[in-house]
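Work through the following exercises with the sequence and the coordinates side by side. Each task is followed by a solution that goes step by step.

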Amino acid sequence: MKSFKIVHITTGLVSGGVENILFRLVKNNSLKDQVLISLTDKGMYGDLIKNQGIKIYYLGLNKPINFLYGIILLIKILIKENPKV
């Protein structure tokens, strides 16, 4: 079976329901070619997900000065990672 890359984009990794589901999804998924992009910071789940072997990017968009830079960085990451999903 051919492997493909999945990129998950989330607003942040604080202790909410979506973040918990995302953590369980990457933890229980045998597909290791996954990338996570947090639009803000690492929050509570960042290190836990990184320890699962998932590459994570933090864009810091929660700071107004970083917004434009973060959007440009997001585009560059998506081009570099070339995800299928």
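The exercises below treat confidence, one helix, the salt bridges and two residues around a loop.

**Exercise 1. Confidence**

Establish how confident the predictor is in the chain, and in which elements confidence is lowest and highest.

Solution. The model is a predicted one, and its mean pLDDT over the chain is 85, with 93% of the residues reaching 70 or more. Going on to the elements, confidence is lowest in helix α1 (residues 17–28), where the mean is 84, and highest in strand β3 (residues 55–58), where it is 92.

**Exercise 2. The geometry and the two sides of α1**

Compare the expected span of α1 with the distance between its end C-alpha atoms, then determine which of its residues are buried and which are exposed on the other side.

Solution. Step one concerns length: with 12 residues at 1.5 Å a residue, α1 should span 16 Å, and because its end C-alpha atoms lie 17 Å apart, the two values agree.

Step two concerns burial, for which the cut-off is under 20% relative accessible area. The residues of α1 that are buried are Glu19, Leu22, Phe23 and Val26. They cover an arc of only 100° around the axis, and therefore they lie on the same side of α1. As a general rule, an α-helix has 3.6 residues a turn, so residues three or four places apart point the same way.

Step three turns to the other side of α1, where Gly17, Ile21 and Asn28 are exposed. As for what covers the buried residues of α1, the elements include β1 (6–10), β2 (34–38) and α2 (46–50).

**Exercise 3. A network of salt bridges**

Find the salt bridges of the structure, and work out which residues are linked in a network.

Solution. The structure holds three salt bridges. In general, side chains of opposite charge can pair when their charged atoms come close.

Step one takes the pair Lys5 and Glu81, whose side chains meet in a salt bridge at 2.7 Å, N to O. This pair links distant parts of the chain, since Lys5 belongs to the segment before β1 and Glu81 to helix α3, 76 residues apart. Lys5 counts as buried because its relative accessibility is 17%, and Glu81 counts as buried because its own is 4%.

Step two takes Glu81 and Lys55, whose side chains meet in a salt bridge at 2.9 Å, N to O. Here too distant parts of the chain are linked, with Glu81 in helix α3 and Lys55 in strand β3, 26 residues apart. Lys55, at 39% relative accessibility, counts as partly exposed.

Step three joins these pairs: Lys5, Lys55 and Glu81 are linked in a network of salt bridges.

Step four looks at the surroundings, leaving aside neighbours within four places in sequence. Glu81 is in contact with Lys5, Val7, Val35, Lys55 and Tyr57, while Lys5 touches Asp33, Val35, Glu81, Pro83, Lys84 and Val85.

Step five takes the salt bridge between Lys42 and Asp47, in which the closest N and O atoms are 3.1 Å apart. Lys42 counts as partly exposed at 38% relative accessibility, and Asp47 is partly exposed as well, with a relative accessible area of 39%.

**Exercise 4. Tyr45 and Gly46**

Place Tyr45 and Gly46 in the chain, decide whether Tyr45 is buried or exposed, do likewise for Gly46, and list what each touches away from its sequence neighbours.

Solution. Step one: Tyr45 sits in the loop between β2 and α2, whereas Gly46 lies in helix α2.

Step two: Tyr45 is buried, because its relative accessible area is 8%, and Gly46 counts as buried because its relative accessibility is 0%.

Step three: beyond its neighbours within four places in sequence, Tyr45 is in contact with Leu13, Val14, Ser15, Glu19, Asn20 and Phe23. Among these, Glu19 and Phe23 are also buried residues of α1. Tyr45 and Asn20 are 25 residues apart in sequence, yet their C-alpha atoms are 7.9 Å apart in space.

Step four: Gly46, not counting residues up to four places away in sequence, touches Leu13, Ile56 and Tyr58. From C-alpha to C-alpha, Gly46 and Gly12 are 8.9 Å apart in space, with their positions 34 residues apart in sequence given as their separation.

Note on methods: Residues numbered from 1 in each chain as written. Predicted model: local features only at pLDDT ≥ 70, side-chain atom pairs only at ≥ 80, totals over all residues. Heavy atoms only, no water. pLDDT = per-residue confidence, 0-100. Helix = DSSP H or I, 4+ residues; strand = E, 2+ residues; numbered from the N terminus. Expected span 1.5 Å × (residues − 1). Buried < 20%, exposed > 50% of the residue type's maximum accessible area, 1.4 Å probe, protein only. Arc of directions from axis to C-beta. Contact = heavy atoms within 4.5 Å. Salt bridge = Lys/Arg side-chain N within 4 Å of Asp/Glu carboxyl O.
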